[in-house]
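Grab your viewer and a pencil, and let's work through a few exercises together. Try each task before you read its solution.

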Amino acid sequence: QVQLVESGGGLVQPGGSLRLSCAASKSIFSTYTMAWYRQAPGNQRELVAALTPGGLTNYLGSVQGRFTVSGDNAKNTYLQMNSLKPEDTAVYYCNAKYTSLYTYYTNEYWGQGTQVTVSS
């Protein structure tokens with residue numbers, strides 16, 4: 001079992017910046033894809049950014065160029081959010097997922113979420 005704990009959320013003005021952190025209870029970064037999702041009231045949860053063990057990244061179109069996902073070691077993942085907009089307001093969740101290359105086996109963990117509010 002792996003526990004994921006997010007931190008760094010809060011209230012920020014439009015145009016401001018915020019950095020979210022995801023701390024894993026054990027080292028999984030070498031085999032799991034780390035990702036950030038978000039969910040606003042009335043909306044479905046959507047993938048914001050992902051980082052593979054090989055260093056490849058993927059971003060939601062609306063955050064491309066403003067958000068950056070990174071990791072400083074095998075236990076911590078970050079989401080740097082710049083030029084924040086009110087539309088970015090949501091609960092942000094850390095996600096870790098393993099997918100076998102040739103089998104159907106997958107495994108996934110979720111954090112508890114951290115609130116990000118962008119408002120003047």
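Four exercises follow, each with a worked solution.

This is a predicted model, in which local features need pLDDT of at least 70, side-chain atom pairs count only at pLDDT 80 or more, and totals for chains, interfaces and linings use all residues. Residues are numbered from 1 along each chain as its sequence is written, and side-chain values use heavy atoms, with hydrogens and water left out.

**Exercise 1. The core**

Find the residues with the most contacts inside the largest nonpolar core, and say which strands supply it.

Solution. Start with the term: a nonpolar core is a set of buried Ala, Val, Leu, Ile, Met, Phe, Trp, Tyr and Cys residues joined through side-chain atoms within 4.5 Å. Buried means under 20% relative accessible area, exposed over 50%, and partly exposed in between (1.4 Å probe, protein chains only). The largest such core has 30 residues, and Leu 4, Trp 36, Leu 79, Met 81 and Tyr 92 have the most contacts inside it. Next, the strands, which are DSSP runs (E, at least two residues) numbered from the N terminus. Those that each supply at least two core residues are E3 (18–24), E4 (33–39), E5 (46–51), E7 (67–71), E8 (76–81), E9 (90–99) and E11 (114–118). Finally, zoom in on Leu 4: leaving aside neighbours within four places in sequence, its contacts (heavy atoms within 4.5 Å) include Cys 22, Ile 28, Cys 94 and Trp 110.

**Exercise 2. Two hairpins**

Work out how E5 pairs with E4 and with E6.

Solution. Strands pair if DSSP finds at least two bridges between them. E4 and E5 run antiparallel, joined by five bridges, and Arg 38 stands opposite Glu 46. Their hairpin has six residues between the strands, with Gly 42 at a positive phi near 85 degrees. Moving on, three bridges join E5 to E6 (residues 57–59), again antiparallel, with Ala 49 opposite Tyr 59. Here five residues lie between the strands, and Gly 55 has a positive phi near 95 degrees.

**Exercise 3. Tyrosine rings**

Classify the ring pair of Tyr 98 and Tyr 105.

Solution. Rings of Phe, Tyr and Trp (its six-membered ring) pair if their centres lie within 6.5 Å; planes under 30 degrees apart are stacked, over 60 edge-to-face, the rest tilted. A search of the whole structure gives four aromatic pairs. Tyr 98 and Tyr 105 are 5.8 Å apart centre to centre, with 55 degrees between the planes, so the pair is tilted. Tyr 98 is partly exposed at 27% relative accessible area, and Tyr 105 is partly exposed at 48%. Ring pairs link both with Tyr 32 and Tyr 109 into a cluster.

**Exercise 4. Charge over ring**

Which rings do the charged ends of Arg 19 and Arg 45 sit over?

Solution. The test is NZ of Lys or CZ of Arg within 6 Å of the ring centre and within 35 degrees of the ring normal. Arg 19 sits over Tyr 78, 4.2 Å from the ring centre. Arg 45 sits over Tyr 93, at 3.9 Å.

Methods. Helix = DSSP H or I, 4+ residues; strand = E, 2+ residues; numbered from the N terminus.
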